[in-house]
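Work through the exercises below with the sequence and the model in view, and try each task before reading its solution.

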Amino acid sequence: MKRRGFLKTAGVAGILAAGRAPAFAQGTRLNILRWVDFIPACDVELKRQAPEASKALGAEVVFEFINANDLQPRITAAIQSGSGPDIIHMLHNWPHLYENGLVEVNDLAEWQAKDQGGFYAQSEAYVKVGGRFMALPHSIVPGLIAYRKSWLTEVGATTFPKTYEELRQVATKLKKQGHPYGQTLGHTFGDAPAWAYPLLWNFGGMETDKSGKTALDGKGTVEAVKFMAAFWKDACDEGGLAWDDTNNNRAFLGGEISATLNGASIYIAAKRGQDKIKDERGEPMVRDIQHARLPAGPAGSWSYHTAFSHGVMKYGKNPKLAKEFLKWFHGSERFGRWFEVAEGFSVGATKQWERHPLWTTVDEPMRGFRTAPDNSRVIGYAGPPSAKATEVYTKYVIVDMFAKGVQGMKAEDAVKWAAGELGKIYG
Amino acid sequence: MKKPIAGGAGSAAGLEVALPHPRTSQPAPTLTRFLENEGLLAAVLLTPTVLLLGLFIAYPFVMGVWLSLSSTSVGNPGEFVGLHNFVKAWNDGIFRTAFGNTFFYTFWATIFKLTLGMWLALLLNRSFRGKRLVRASMLLPFIVPTVLSTFAWRWMFDPTFSVLNWLLYQGGLITTKLPFLSDGTYGLWCAIVVNTWRGMPFFAITLLAGLQTISPDLHEAASLDGANGWHRFWHVTWPLLKPVTLVVVVFSVIQTFSDFQLIYVLTGGGPANATHLLATYAYQIGVATGLLGEGAAISLFMLPVLFIVVWIQLRYLRRLEGA
């Protein structure tokens with residue numbers, strides 16, 4: 001058989017095997033850029049799904065994974081150069097900042113919300129810019145405090161502290177025993193803002209008022225910074241100023257810290273590696289881990305959970321294919337498989353996933369993640385999410401305000417500095 | 001023209017050789033005339049270089065200047081805003097910290113690299129067994145990619161699992177961990193240490209090359225006149241090594257002042273922006289935040305400073321050469 005004849009025959013056989021003709025020109029490739037998941041098995045599952053997607057869509061689907069802290073520079077470079085991945089993983093309220101580089105996906109959002117029981121308010125707010133969906137909500141990584149039950153019991157805390165002040169007292173005792181609380185205040189995408197923003201809100205502070213005018217410089221914010229400075233000195237591992245999102249995982253699993261705000265990745269890693277990850281008694285550490293919500297401050301007990309979405313890039317050559325892929329990828333079947341692999345680390349962007357059978361089979365310490373997103377506020381609160389709020393997040397102004405406080409700057413001065421930065425951004 | 005020289009025409013055994021063309025009055029071919037025109041030839045030979053420089057240096061530079069004068073942000077073309085971005089940067093506290101850090105970092109790193117590089121070069125200029133191996137291995141920090149070696153340093157300075165803290169603790173020298181990267185001042189000094197470690201071989205190898213051009217006769221003569229080691233260095237070695245030293249310092253200042261990789265990997269500019277240099281802060285604002293105009297303005301602050309430093313040093317070098 002001649003080469004040309006062979007290719008023709010093989011091509012026809014491929015189409016027959018697929019059960020459908022390729023929808024797009026041969027050689028069409030769809031590149032998807034995502035973060036490196038904290039649950040490595042999730043990325044393995046996506047790599048497994050890629051050939052399935054290629055077969056279903058008639059185009060080669062390729063995933064690329066990079067460190068979450070490198071996503072924003074990649075997005076800027078891609079939009080400015082007009083070339084890069086067709087679909088990019090978006091975190092937080094980034095779609096507001098990159099609106100001009102994204103394709104509207106109203107039709108897909110309408111379908112997904114209808115198909116899967118409606119979006120969480122947070123997921124919708126983060127991708128909806130001026131009434132248009134500029135990215136498709138995918139999942140939420142809730143943050144709860146992972147803690148060592150036995151160590152807290154040793155200092156008299158049989159349940160996790162309910163208020164920030166109680167937490168300071170308990171963690172102070174723990175630090176004296178060589179088991180400090182672990183918290184990053186570094187420039188890192190998840191754990192730092194997930195701690196700093198709720199701390200601000202729970203003490204009554206806010207970035208902007210409801211009209212979107214800056215309102216940071218107030219009593220609540222100053223009190224939050226004062227608390228943080230005292231908490232840091234009395235109770236925290238002071239190396240946290242230089243931590244990224246992975247350091248607290250390693251410190252916890254290495255037995256260096258007693259508690260830390262995190263996704264479920266610590267628990268899942270301890271469970272999957274229970275043969276190696278042991279506590280000081282030689283028992284699997286996973287048996288000693290429990291989760292709790294952030295404690296309450298004088299103004300409430302709000303949290304911040306990182307929402308994820310997928311944006312179709314405007315410069316892409318195949319926006320139609322990209323949208324078809326998202327419909328395939330976000331569909332209950334494919335998402336469901338990935339969701340099961342995540343074991344509760346990532347939850348759905350829609351409420352349907354709260355009712356998934358997975359929650360009846362996961363370990364008891366994981367069950368708190370099921371409804372965790374229900375108390376999340378959004379970056380920029382009390383104003384609407386906006387590109388300005390994304391800029392504040394990206395410059396780590398709120399995180400740095402607390403970092404300056406713990407480094408010795410007077411609380412009032414740290415707040416004034418941050419309010420000044422906000423003034424420059426919001427105008 | 002081929003002409004039979006043996007056996008006559010048509011002879012199977014005849015050899016044919018090529019003879020040069022006789023000079024004729026016909027005009028020279030166009031290509032020859034073209035190649036004989038020095039001006040044209042120079043233009044042809046220079047064109048690729050000019051194109052490459054234009055494409056990869058002039059165009060990005062002009063684009064950078066344009067961006068710095070515009071309100072361009074990610075996905076938005078922006079408009080001309082004059083010097084607004086420069087004024088905004090100057091009034092920004094983090095920019096001023098980065099500006100000060102850049103000078104501090106460049107100054108101390110260059111001093112250390114020069115001092116230690118000179119010391120190493122003088123040691124290696126002596127004769128000892130395994131000299132070549134030592135000289136080659138000295139270049140290792142310079143050869144290893146900066147990102148890789150800086151990652152290794154980052155692990156050594158790790159806030160929780162630092163091997164250096166462990167060693168100091170086990171040695172009884174400290175009772176609590178040193179905040180290598182979690183304190184701004186420590187962080188900047190750690191960066192200077194890493195930069196010195198990485199850059200010192202460049203100084204040492206270049207100065208060593210300079211040292212080897214100095215005739216041993218000069219040292220012998222100075223010794224006969226009763227000069228001790230220090231006098232020989234100060235009055236013989238140093239004056240002859242000064243031009244090479246200045247060239248190395250110029251290169252080093254340019255590279256250190258615009259350093260990016262080392263800080264980006266080691267501290268990311270943190271904690272709380274305390275270790276940003278102009279290059280990393282420009283990246284943070286321009287590329288990570290997407291404010292391309294503001295980022296370009298911050299990076300362009302490096303230009304006049306570097307221009308002045310290099311101009312002074314080269315002027316001094318010319319004076320030395322003229323003396």
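A salt bridge is a side-chain nitrogen of Lys or Arg within 4 Å of a carboxyl oxygen of Asp or Glu. This is a predicted model, in which local features need pLDDT of at least 70 and side-chain atom pairs count only at pLDDT 80 or more, while totals for chains, interfaces and linings use all residues. Residues are numbered from 1 along each chain as its sequence is written, chains are lettered from A in the order in which they are written, and side-chain values use heavy atoms, with hydrogens and water left out.

**Exercise 1. Describe the salt bridge of Glu333(A) and Arg334(A), and the network around the pair.**

Step 1: the side chains of Glu333(A) and Arg334(A) meet with N and O 3.2 Å apart.

Step 2: compare their accessibility, where buried means under 20% relative accessible area, exposed over 50%, and partly exposed in between (1.4 Å probe, protein chains only). Glu333(A) is exposed at 51%, whereas Arg334(A), at 16%, is buried.

Step 3: widen the view to the network of salt bridges, which links Glu333(A) and Arg334(A) with Glu45(A), Arg48(A), Glu52(A) and Arg337(A).

Step 4: place Arg334(A) in helix α14 (residues 332-342) of chain A, where Phe335(A), Gly336(A), Trp338(A), Phe339(A) and Ala342(A) are buried as well; helices (H or I, at least four residues) and strands (E, at least two) are DSSP runs, numbered from the N terminus. Just after this helix, Glu343(A) has a positive phi of about 55 degrees.

**Exercise 2. Which elements of chain A and chain B hold Asp244(A) and Arg154(B), and are these residues buried or partly exposed?**

Step 1: the two residues form a salt bridge whose closest N and O atoms are 3.4 Å apart.

Step 2: this pair crosses between chains, with Asp244(A) in the loop between α10 (219-235) and α11 (247-253) of chain A, and Arg154(B) in helix α7 (residues 146-156) of chain B.

Step 3: Asp244(A) is buried at 17% relative accessible area, while Arg154(B), at 25%, counts as partly exposed.

Step 4: count the salt bridges between chain B and chain A, which come to three. Lys177(B) and Asp237(A) also form a salt bridge, with 3.9 Å between the closest N and O atoms.

**Exercise 3. How much area do chain B and chain A bury between them, and how many residues does the contact take from each?**

Step 1: the size of an interface is often given as the accessible area lost when the parts come together. Buried area is here the accessible area (1.4 Å probe) that two parts lose on being put together, summed over both.

Step 2: chain B and chain A bury about 2500 Å², of which 53% is on carbon and sulfur atoms. On the side of chain B, Val74(B), Phe161(B) and Ala272(B) lose the most area to chain A, together 21% of what that side buries.

Step 3: with contact taken as heavy atoms within 4.5 Å, 34 residues come from chain B and 32 residues from chain A.

**Exercise 4. Which residues outside its near sequence does Leu185(A) contact?**

Step 1: leave aside the neighbours within four places in sequence.

Step 2: list the rest, which are Trp195(A), Met228(A), Trp232(A), Gly240(A), Leu241(A), Val399(A), Phe402(A), Ala403(A) and Val406(A).
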